[in-house]
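Reader: I would like to learn how to read salt bridges, cores, helix faces and unusual backbone angles in a structure. Could we begin with the charged side chains?

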Amino acid sequence: MSMDVVLQQLQTHGSDEIQPLQQLISCLRPARPDDGEQATQNVRALAFLLQQNVAYQQGLRAYLERVILSRKLVHLLTDTGIPANEGFWSALWRRFNARWLPPACNDRYLKDVLLQVFDLKRDAPWLMAVAPDTWLALLHAMGWRRRDAVLRRYWLQEALEAAQVLSYRMTAIGLEPELVRNYPAIERFESPFLRQNTELMEEVAACQQALGEGRVPRLDARHMQVLLAQCAEIVSRIRKSAAQQGVSVSLTRLLLRLEASMARLELLLDLLSSRWDLALRRQAVSLFQQLMRASRHQYSLREVFHSNTELLALQVTERAGQVGEHYVTTDRAGWVSMLRSAMGAGGIVGFMALLKVLAGKLVLAPFGYAFLYSLNYSLGFMLVHVLHFTIATKQPAMTASKLAASIDAAVSRGKAQLEELAELCVQVARSQFSAIMGNVLVAMPTALVIALFWQWASGQHLANPDKVAHLLHDLHPWQSLALPHAAIAGVCLFLSGLISGYYDNKASYNQIPERLQQLGWLRRLLGPQRLQRVARYVGDNLGALAGNFFFGLMLGSIGTLGFIFGLPIDIRHITFSSANFVFALVGSDFQLPWQVWSVSLLGVALIGMVNLVVSFSLALLVALRARRVSFGQGRSLLAALGRRFIRQPGPFFFPPRDTVAEKGAA
């Protein structure tokens with residue numbers, strides 16, 4: 001149906017049904033949702049028809065007035081684009097259900113009329129693509145002027161009611177115990193969340209009195225804007241305090257709802273305090289596009305998950321980044337310390353590899369193997385942390401967050417400091433090399449001693465010929481799934497980094513150390529001083545212990561899950577792979593051909609590389625997204641690193657000697 005036909009029908013259409021509006025929007029809708037040029041031409045064509053035919057203009061304006069005046073506008077202004085008062089899981093479940101069973105529409109609400117008129121997935125892109133001036137030209141062609149007193153009065157009444165609703169919501173959220181806990185000063189001083197409501201009610205009462213007397217009022221929003229600025233300052237301080245006290249999904253959702261309500265109220269105040277002129281119409285068009293953009297995402301699962309976990313994701317990666325500072329060495333002393341720490345972990349991993357081989361000799365159900373393997377990995381990794389040793393593959397998830405923080409700081413200064421970032425990358429690579437060498441160079445001799453001692457004590461090899469063939473096959477880089485399995489281990493390493501940050505945040509936000517000290521039975525068991533030390537240790541190390549524990553569970557159970565479900569999934573870890581190679585070497589009485597030696601060692605090296613690259617890439621991506629940082633100089637950074645490596649490759653592996661000299665001179 002063409003625009004002419006729709007406009008002709010509207011001349012005699014006396015009802016407020018929305019079918020003609022749907023037909024008109026179909027005429028404006030381009031064939032492709034992202035075709036903004038065609039959409040602009042369609043809107044201009046409609047404006048031209050209205051300008052050329054006064055009957056078309058009057059018919060369309062009268063019809064739209066009937067549609068608008070017969071429905072409530074307030075819900076569109078107060079609900080669209082503002083999170084509902086519900087929990088995270090409730091919101092996720094509601095949006096999931098809306099995918100296959102859309103909610104019922106109330107034809108008396110303009111909010112629901114928009115959902116029926118616009119197909120949000122197809123219409124939002126072209127509605128955003130049409131320039132505001134084009135929409136203003138269409139409004140001008142419709143003939144809406146200052147004389148439209150009925151429509152103006154309707155708008156003022158609905159906008160005032162919407163402002164009251166938003167103000168009440170802000171007051172309620174501002175008194176939430178979770179916000180008060182993060183900013184106790186709200187209780188000590190008069191809260192701006194309360195004062196803004198009192199001020200707005202006085203202004204609204206004055207405007208409503210003027211409307212009752214037949215006058216057209218303008219709201220004085222100057223004092224309200226000051227109070228809203230104070231509310232925004234409190235929200236900013238709460239976000240900053242979350243960096244020390246931790247954050248939760250519920251707090252994130254409260255802040256999200258509060259900020260959205262404040263932004264919408266500020267926009268309504270601007271509209272209510274403006275003159276009925278071109279500037280006001282521009283603001284109205286901006287509000288319309290904003291509402292359409294928000295409507296597009298109101299049933300999006302991705303949007304609710306991202307927005308509600310944004311602050312938590314930032315806090316988790318920030319905690320990981322703080323830990324990551326300990327994994328980056330800047331001088332020779334730090335490099336040597338990292339090497340020693342990694343060597344200690346390599347010795348423990350050698351014994352962990354022994355326990356896994358022995359567990360594999362038992363005849364158990366699949367769950368039994370998963371339980372023993374997980375217990376071995378979890379307790380071993382936790383012991384490594386308790387003894388202050390370092391697993392090389394645990395570094396990337398932490399150092400990536402540290403690098404993301406540096407990129408964020410560089411971008412916020414206006415330009416990326418490539419040389420500083422390149423130097424940090426060199427330090428990260430050098431520290432990673434030190435940790436890998438420490439792990440492998442001790443894990444392999446430890447495994448050699450264990451295998452030889454086992455042969456001497458029992459008279460047989462730890463790995464029989466079948467086990468030797470199995471271990472060597474698992475290391476082959478192209479005849480087995482060693483590299484995909486190494487990638488799975490990299491994902492597990494990345495997840496363990498997130499888990500560490502999450503539990504560090506949880507320990508701080510839930511005040512776990514303080515709550516432990518309030519346990520009477522634990523105080524009687526340990527004594528006040530020892531309990532204080534234990535509580536402090538738990539507060540400082542809960543994240544690391546939890547991350548290592550769950551990392552062990554993942555490594556120990558993935559292979560068994562793959563067996564149960566018939567999937568070719570397992571894990572390969574560089575340190576365990578190097579120990580397994582030594583077990584296979586001793587089990588073959590050192591009779592392996594040089595080709596097998598070289599391929600197996602190549603497999604170990606590639607497994608380590610995949611472990612590191614996958615975990616580092618995922619951690620860096622999440623850290624950058626959590627900070628809303630887009631680093632557009634990645635190629636320049638890589639080029640700078642390449643020039644450094646070609647000119648001086650040594651610092652990528654070993655600390656420069658002049659570092660020691662400079663420290664001595666200082």
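Author: Side chains of opposite charge can pair when their charged atoms come close. In this predicted model, a salt bridge is a side-chain nitrogen of Lys or Arg within 4 Å of a carboxyl oxygen of Asp or Glu, and Asp16, Arg71, Asp107 and Arg108 are linked in a network of such bridges. By this rule the count comes to 15 salt bridges.

Reader: Before we go on, how are the residues numbered, and which atoms and residues are used?

Author: Residues are numbered from 1 along each chain as its sequence is written, and side-chain values use heavy atoms, with hydrogens and water left out. As this is a predicted model, local features need pLDDT of at least 70 and side-chain atom pairs count only at pLDDT 80 or more, while totals for chains, interfaces and linings use all residues.

Reader: Within the network, which residue meets Arg71 in a salt bridge, with 2.9 Å from N to O?

Author: The partner of Arg71 is Asp107, whose side chain meets that of Arg71 at 2.9 Å, N to O. This pair links distant parts of the chain, 36 residues apart, with Arg71 in the loop between α4 (54–69) and α5 (74–79) and Asp107 in the loop between α6 (88–100) and α7 (110–117); helices here are DSSP runs (H or I, at least four residues), numbered from the N terminus. Arg71 is buried at a relative accessible area of 3%, whereas Asp107 is partly exposed at 29%, where buried means under 20% relative accessible area, exposed over 50% and partly exposed in between (1.4 Å probe, protein chains only).

Reader: Where in the chain are the two partners of the Asp79 and Arg169 salt bridge?

Author: The side chains of Asp79 and Arg169 meet at 3.0 Å, N to O, and they join distant parts of the chain, Asp79 being in helix α5 and Arg169 in helix α10, 90 residues apart. Asp79 counts as partly exposed, with 29% relative accessibility. Another salt bridge is that of Arg572 with Asp570, whose closest N and O atoms are 3.6 Å apart; here Arg572 is buried at 11%, while Asp570 is partly exposed at 24%.

Reader: How should I read the nonpolar interior, and which residues touch the most other members of the largest nonpolar core?

Author: In soluble globular proteins, nonpolar side chains tend to be buried together. A nonpolar core is a set of buried Ala, Val, Leu, Ile, Met, Phe, Trp, Tyr and Cys residues joined through side-chain atoms within 4.5 Å, and in the largest one, which has 87 residues, Leu50, Leu200 and Leu265 touch the most other members. Helix α15 (residues 249–272) gives the largest share of this core, 12 residues. A second, separate core has 53 residues, including Ile348, Ala451, Phe576 and Ala579.

Reader: What surrounds Leu265, beyond its neighbours within four places in sequence?

Author: With those neighbours left aside, Leu265 is in contact (heavy atoms within 4.5 Å) with Ala163, Leu166, Ser167, Met170, Gln196, Leu200, Met224 and Leu228. Ser167 lies in helix α10 (residues 149–174) and counts as buried at 0% relative accessibility; not counting residues up to four places away, Ser167 touches Gln196, Asn197, Leu200 and Leu265.

Reader: Why do the buried residues of helix α2 line one face of the helix?

Author: An α-helix has 3.6 residues a turn, so residues three or four places apart point the same way. In α2 (residues 19–28), Pro20, Leu21, Leu24, Ile25, Cys27 and Leu28 are buried. Seen down the axis of α2, they fall within an arc of 155°, so they line one face; the arc is that of the directions from the helix axis to the C-beta atoms.

Reader: Finally, which residues other than glycine have a positive phi?

Author: Most residues other than glycine have a negative phi, and most peptide bonds are trans. Among the exceptions is His388, with a positive phi of about 65°, found in the loop between α19 (366–386) and α20 (395–412) and exposed at 63% relative accessibility. Another is Gln511, whose phi is near 50°; Gln511 is found in the loop between α23 (482–509) and α24 (512–516) and counts as partly exposed at 41%.

Technical notes. Helices (H or I, at least four residues) and strands (E, at least two) are DSSP runs, numbered from the N terminus.
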